[in-house]
Amino acid sequence: KEEEYQQTLSQIVQRDYYPALPSLHRDMAVLERRGTGDVSGAVAVRRAYRRVAEEEEKESEAERQEDERARTQSGGTRKRPRPLERESVTGFHDRATSEDNEEFDRVTRREEDERIDRMRALSMQGREREGCSRSRLILHIMPQ
């Protein structure tokens with residue numbers, strides 16, 4: 001789960017902030033192949049990257065069409081949620097961390113309740129001791 005979270009977030013950050021990285025990786029792989037004299041390997045790398053780019057473009061186009069349909073026909077509501085890897089960084093965090101946030105809030109509330117209960121118990125013990133001390137003091141001061 002944690003690895004999947006990190007991988008998806010890395011993909012989003014790369015897509016939104018460093019879009020040139022895939023082409024730089026492709027160029028590096030092609031140059032490495034050419035450097036070793038493997039021309040057919042360089043061609044295969046380019047073709048593989050081109051296929052991946054085409055698939056990503058198809059997915060992006062399908063998402064754009066879904067967004068447009070939602071905007072024009074459904075008042076902005078999509079029939080199905082956007083895949084997490086297609087979200088913005090903010091959208092990803094809003095959707096992916098909600099379970100963690102709920103668990104954190106639940107643990108924090110429980111710890112706070114336990115702390116309050118301990119403080120109440122200590123306060124009650126202090127009052128009881130104070131009450132006992134006063135009654136003893138009163139008994140010693142007042143003649144019987």
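Helices here are DSSP runs of H or I with at least four residues, numbered from the N terminus. The model is a predicted one, so to speak of a local feature takes a pLDDT of at least 70, side-chain atom pairs count only at pLDDT 80 or more, and totals for chains, interfaces and linings use all residues. Residues are numbered from 1 along each chain as its sequence is written, and side-chain values use heavy atoms, with hydrogens and water left out.

A good place to start is the largest pocket. A pocket, on a 1 Å grid over the protein atoms alone, is an open set of points where a 1.4 Å probe fits, with protein on both sides within 12 Å along at least five of seven lines; its lining residues have an atom within 4 Å of a point. The largest one has a volume of about 580 Å³, volume being the space filled by probe spheres set on the points, which are joined across faces, edges and corners. Its lining runs to 19 residues, and the closest to the centre are Gln-11, Gln-14, Arg-15, Pro-22 and Glu-56. Three helices, α1 (2-17), α2 (21-35) and α3 (39-73), each chip in at least two lining residues, with α3 giving the largest share at 7. Sorted by class, the lining holds 7 nonpolar, 5 polar and 7 charged residues; Ala, Val, Leu, Ile, Met, Phe, Trp, Tyr, Cys and Pro count as nonpolar, Asp, Glu, Lys and Arg as charged, and the others, Gly among them, as polar.

As for α2, its 15 residues reach 21 Å from first C-alpha to last, close to the 21 Å expected at 1.5 Å a residue (1.5 Å times one less than the number of residues). Just after α2, Gly-37 takes a positive phi of about 85°.

Salt bridges come next: a side-chain nitrogen of Lys or Arg within 4 Å of a carboxyl oxygen of Asp or Glu. The structure holds 16 of them. In α3, Glu-55 and Lys-58 sit 3 residues apart, about one turn of the helix, and their side chains pair up at 3.8 Å, N to O. Glu-55 is partly exposed at 44% relative accessible area, while Lys-58 is exposed at 55% (buried means under 20%, exposed over 50%, partly exposed in between, with a 1.4 Å probe and protein chains only).

Glu-66 and Arg-69, also 3 residues apart in α3, form a salt bridge at 3.2 Å, N to O. Here Glu-66 is buried at 11%, and Arg-69 is buried at 17%. Another bridge links Glu-87 and Arg-82 at 3.8 Å, N to O. Through shared partners, Asp-67, Arg-82, Glu-87 and Arg-95 are joined by salt bridges into one network.
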